[in-house]
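I opened this notebook to record what I looked up in one structure. The entries follow the order in which I consulted it.

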Amino acid sequence: MTIEDEFHFIDKIRQSKNRQPELIEGIGDDAALYRAKSDYLEIVCADTMTEGVHFLKDASSPKDIGYKAVAVNISDVAAMGGVPKYYLVTIAVPKTWSEEELVELYAGMDEIASTYKMDLIGGDTVSTSDKLVITVTVIGEVQQGKQRLRKDARPGDAVFVTGTIGDSAAGLQILLGNLSVHEENDSAFLVNRHKRPVPQVKAGQLMSSAERISLNDISDGLASELNELCEASCVKMVIEKDRVPLSDSLRSLHSEQLDEWILYGGEDFELVGTVPPAAFDSLQKKCSEEGISLTRIGHVEAGSSEVLLLHNGKKTKLEKSGYNHFK
Ligand SMILES: Nc1ncnc2c1ncn2[C@@H]1O[C@H](COP(=O)(O)OP(=O)(O)O)[C@@H](O)[C@H]1O
Ligand SMILES: Cc1ncc(C[n+]2csc(CCOP(=O)(O)OP(=O)(O)O)c2C)c(N)n1
Ligand SMILES: [Mg+2]
Ligand SMILES: [Mg+2]
Ligand SMILES: [Mg+2]
């Protein structure tokens, strides 16, 4: 049975103690109140996950779904160079979800929120006829002048990515039953990369050390996000395909779909960006000291907005295709 009454449910999922010292009123009044810090810019973003489009109820636990709904939003805050502080959750609940499952969904959200000392400060609970829809809004902050935008790439910059690319897309194929992986460890690793992406908050903050960086997170796929950086900055990029970092688990699959997953798969939630070439090595060192791998995958050139993919000495245009909700 689904929620008996929403007021009782809200009481069940509210935090017993606040984590952010600037929070004045969280859940309970008409809206939340918090004190904004001077010299900081507030960051606000929202992303929705829909059952059947972003997750399947029988392939992911409510806890994993909750974790990911918050993680993907934190990833956007990281891509601005900021830290997350608060979140709001709006759920449209069909009869197929029990109150126990919803409490688990919130436990998954709290699991990642507590890592960043974030507070759940509000939201909305409504019913719906068919599939669960969850919208998370995250509020974060960044020191004024340290924000990292998509429009700051310049000719000559090095193009970089954090972590490894393509794991999540392969993990999704395993979950959908389209791919079977012999090695249990590899399979578990890839599925985990899909279900539990780690937002790159630490990396985003290290990016604030460089004088200028353009930054984006990878939700719709590497090709799509690179094109977005080029569009926002009015530049051209050359990406060397063989330099795109892959995990051992992904490489071991020797799949014909590897390129598809790496370039267009999406949901990597790694950071992609550009930095003046002279600053790359020190940035890479700072990241490495924190256990974060930073890989140079190409460079920026002057020219009209486009991404070229260099492979075996040949350059081809890397189209802005990837995940698109309406194609
Ligand atoms: N329905 C909408 N109404 C208003 N703004 C939107 C809507 N959908 C997306 N946006 C805005 O468009 C921009 C790009 O969104 P999106 O492609 O979803 O970014 P991301 O991949 O980082 O989540 C963001 O500034 C986002 O807030
Ligand atoms: C059942 C299922 N099918 C397909 C996908 C793949 N998928 C769904 S949405 C998406 C792109 C990212 O989501 P979006 O809502 O576009 O996030 P945003 O770009 O706004 O961050 C991908 C790759 C999935 N996660 N689950
Ligand atoms: Mg979005
Ligand atoms: Mg984003
Ligand atoms: Mg998208």
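The entries below concern annotated sites, metal ions, a strand-helix-strand unit and one helix.

**Entry 1. Status of the model**

I note at the outset that this is a predicted model.

**Entry 2. The annotated pair**

I began with the UniProt record, an unreviewed entry, which places a "binding site" feature at Asp-47 and Asp-76. I asked whether these residues gather or lie scattered. They span 30 residues in sequence, yet no two of their C-alpha atoms are more than 9.2 Å apart, so they gather at one spot. I also found that the lining of the largest pocket includes Asp-47 and Asp-76.

I then took each residue in turn. Asp-47 has its place in strand β3, residues 40-50. I recorded Asp-47 as partly exposed, because its relative accessible area is 30%, and partly exposed residues fall between the 20% and 50% limits. Not counting residues up to four places away in sequence, Asp-47 touches Val-72, Asn-73, Asp-76, Ile-134, Thr-135 and Val-136.

Asp-76 lies in helix α2. Asp-76 is likewise partly exposed, with a relative accessible area of 22%. With neighbours within four places in sequence left aside, the contacts of Asp-76 are Cys-45, Asp-47 and Asp-217.

**Entry 3. The magnesium ions**

Which protein atoms serve as donors to the magnesium ion listed as ligand 4? I found Asp-76 (OD) and Asp-217 (OD), lying 2.0 to 2.1 Å from the ion. This pair links distant parts of the chain, since Asp-76 is in helix α2 (residues 62-78), Asp-217 is in strand β8, and 141 residues separate them. I looked up the accessibility of Asp-217 and recorded this residue as buried, with a relative accessible area of 2%.

For the magnesium ion that is ligand 5, the protein donors are Asp-220 (OD) and Asp-220 (OD), at 2.2 to 2.6 Å. Asp-220 is found in the loop between β8 (214-217) and α7 (222-233).

I also noted the separations from the magnesium ion that is ligand 3. Ligand 4 and ligand 3 are 5.9 Å apart, and 5.3 Å separate ligand 5 from ligand 3.

**Entry 4. A second annotated set**

The same kind of feature, "binding site" in the unreviewed UniProt entry, is listed for Tyr-106, Gly-123, Asp-124, Arg-150 and Ser-219. These residues are spread over 114 residues of sequence and also spread in space, with up to 31.8 Å between C-alpha atoms. From this set, the lining of the largest pocket takes in Arg-150 and Ser-219.

Is Tyr-106 buried or exposed? I recorded Tyr-106 as buried, because its relative accessible area is 7% and the limit for buried is under 20%. Tyr-106 lies in helix α3, residues 99-115. Neighbours within four places in sequence aside, Tyr-106 is in contact with Phe-9, Ile-13, Val-89, Ile-91 and Leu-120.

Gly-123 lies in strand β5, residues 119-127. At 45% relative accessibility, I entered Gly-123 as partly exposed. Its contacts, again without neighbours within four places in sequence, are Leu-88, Val-89 and Thr-90.

**Entry 5. The strands around α3**

I next looked at how β5 is paired. Strand β4 (residues 83-93) and β5 run in the parallel sense over eight bridges. Within this pairing, Leu-88 stands opposite Gly-122 in β5. I noted that β4, α3 and β5 make a right-handed β-α-β unit.

**Entry 6. The C-terminal domain and α9**

From the unreviewed UniProt entry I took the annotation "domain: PurM-like C-terminal", which covers residues 154-308. The end C-alpha atoms of this span lie 16 Å apart, and the span is 41% helix and 19% strand.

Which residues of helix α9 (residues 258-265) are buried? I found Leu-258, Trp-261, Ile-262 and Leu-263. These buried residues pack against α4 (167-175), α7, α8 (248-251) and β12 (306-311). After α9 comes Gly-266, whose phi is positive, near 85°.

**Entry 7. An exposed loop residue**

My last lookup was Ser-16, which is found in the loop between α1 (6-13) and β1 (23-25). Ser-16 is exposed, with a relative accessible area of 82%. The C-alpha atoms of Ser-16 and Arg-296 are separated by 44 Å, and the two residues are 280 residues apart along the chain.

Methods
Residues are numbered from 1 along each chain as its sequence is written. Chains are lettered from A and ligands numbered from 1 in the order in which they are written. This is a predicted model: local features need pLDDT of at least 70, side-chain atom pairs count only at pLDDT 80 or more; totals for chains, interfaces and linings use all residues. Side-chain values use heavy atoms; hydrogens and water are left out. UniProt positions are given in the numbering used here, feature names are shortened, and annotations may be inferred rather than shown by experiment. On a 1 Å grid over the protein atoms alone, a cavity is a set of points where a 1.4 Å probe fits but cannot get out, and a pocket is an open set with protein on both sides within 12 Å along at least five of seven lines; lining residues have an atom within 4 Å of a point. Helices (H or I, at least four residues) and strands (E, at least two) are DSSP runs, numbered from the N terminus. Buried means under 20% relative accessible area, exposed over 50%, partly exposed in between (1.4 Å probe, protein chains only). Contact means heavy atoms within 4.5 Å. Donors are N, O and S atoms within 2.8 Å of the metal (3.2 Å for Na, K and Ca); water is not among the atoms, so sites may look incomplete. Two strands pair if DSSP finds at least two bridges between them. A crossover is right-handed if, with the strands pointing away from the viewer, the path from the first strand over the helix to the second runs clockwise.
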